[in-house]
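Student: Could you walk me through this model, one question at a time?
Tutor: Gladly; please have a look at it before we start.

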Number of protein chains: 2
Amino acid sequence: MSRDEIPPGTLDMLILRTLAKRAEQHGFEIAESIQQGSGDVLQVEEGSLYPALQRMLLKGFVVGEWGRTPENRRARYYKLTAAGRKHLEREMESYRRVAGAIALILRPA
Amino acid sequence: MSRDEIPPGTLDMLILRTLAKRAEQHGFEIAESIQQGSGDVLQVEEGSLYPALQRMLLKGFVVGEWGRTPENRRARYYKLTAAGRKHLEREMESYRRVAGAIALILRPA
DNA sequence: GTGACTAACATAGATAATCTATGTCACTTA
DNA sequence: TAAGTGACATAGATTATCTATGTTAGTCAC
């Protein structure tokens, strides 16, 4: 199955939503979660993922703690903050409104 | 109700879809059709609309003919070509796959 | 214990597509 | 003849993703 790009404007929401379902994931895990959780349709590139995580660290939507993977690699584990959860809710609401509007236009006459 | 921007990557599809439902619309009419057809959620700015129409003229997805509005203003009336219809179908299929994938991630755990 | 390999993180620059702001043209109407 | 406006047009800013590349540090083989 061909994998797609992440539509612009949705990456932060997808990352936050992934962390909302399971906290304490590091970058690689988040990328895998998104790919698997989307039924192998969406693929996040590292060059998109890490800048997005940095943005959200600065905005206070996530916090990160350095730790160790089971394989003893160093990795930064992220989890949602209260502000991140609020932001996620707003993003999801906005996304659903727009997606619903597009569906109206796409549906058969 | 607050109106939203068009998500990047969807404008061409929305324009083509609007023309598929009713041909021979000019720019202003297309913008109105999208706004009304989306339940007043989506708003296309002229600075996005006209460049998009130019792109699609060049690609042969639409053809345009200068004419007159009922109020006797000059206006360019657009309609889909066969290539435009094909392109629209591909775009809709791709959009639905991605939207479905995002819905998978957004839905409650 | 040195070198190859790789997991995980990181960043610079390219690219794409929308919006903001502005401008033009021409018809109507006072 | 001047103002208002419908319709079209374009330059530049902005935003967010991807591509390509680089860095760090741990493992494993020899």
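The questions below go from the two protein chains to the DNA and then to helix packing.

Tutor: Before we begin, this is a predicted model, in which local features need pLDDT of at least 70, side-chain atom pairs count only at pLDDT 80 or more, and totals for chains, interfaces and linings use all residues. Residues are numbered from 1 along each chain as its sequence is written, and chains are lettered from A and ligands numbered from 1 in the order in which they are written.

Student: What relation do chain A and chain B have to each other?
Tutor: Chain B superposes on chain A after a rotation of 180° with 0.0 Å of shift along its axis, at an RMSD of 0.0 Å. The superposition is by least squares on the C-alpha atoms of residues with pLDDT of at least 70 in both copies. The relation is therefore that of a two-fold axis.

Student: Which C-alpha of chain B is nearest the axis?
Tutor: The axis in question is that of the 180° rotation. At 3.1 Å from it, the nearest C-alpha in chain B is that of Pro8(B).

Student: Which element gives the largest share of the side of chain B that touches chain A?
Tutor: Here 25 residues of chain B are in contact with 25 residues of chain A, where contact means that C-beta atoms, placed from the backbone, lie within 7 Å. Helix H1 (11-21), H2 and helix H4 (82-106) of chain B each give two or more residues; helices (H or I, at least four residues) and strands (E, at least two) are DSSP runs numbered from the N terminus. The largest share, nine residues, comes from H4(B).

Student: How many nonpolar residues does that side of chain B have?
Tutor: Ala, Val, Leu, Ile, Met, Phe, Trp, Tyr, Cys and Pro count as nonpolar, Asp, Glu, Lys and Arg as charged, and the others, Gly among them, as polar. Beside six polar and four charged residues, the side of chain B that touches chain A has nonpolar residues numbering 15.

Student: Which residues are closest to DNA strand C?
Tutor: A residue is near a strand if its C-beta atom, placed from the backbone, lies within 6 Å of it. By class, the surface near DNA strand C has ten nonpolar, ten polar and ten charged residues. Of the 30 residues that surround DNA strand C, the closest are His26(A), Gly27(A), Leu11(B), Gly47(B) and Ser48(B).

Student: And which residues come nearest to DNA strand D?
Tutor: Helix H3 (46-59) of chain A and, from chain B, helix H2 (27-37), helix H3 (46-59) and strand S3 (74-80) each supply at least two residues of this surface. Its classes are ten nonpolar, ten polar and nine charged residues. Among the 29 residues around DNA strand D, the nearest are Leu11(A), Gly47(A), Ser48(A), His26(B) and Gly27(B).

Student: Are H2(B) and H3(B) roughly parallel or roughly perpendicular to each other?
Tutor: Their axes, lines fitted to C-alpha atoms over the stretch in contact, are 10 Å apart at about 115°, with angles run from 0 to 180 degrees between N-to-C directions. Angles under 35 degrees count as roughly parallel, over 145 as roughly antiparallel, 65 to 115 as roughly perpendicular and the rest as oblique. H2(B) and H3(B) are therefore roughly perpendicular.

Student: Which residues of H3(B) does H2(B) meet?
Tutor: The residues of this contact divide into five nonpolar, one polar and no charged. Gly27(B), Ile30(B) and Ala31(B) in H2(B) meet, in H3(B), Leu49(B), Tyr50(B) and Leu53(B).

Definitions and conventions. Two residues are in contact if their C-beta atoms, placed from the backbone, lie within 7 Å.
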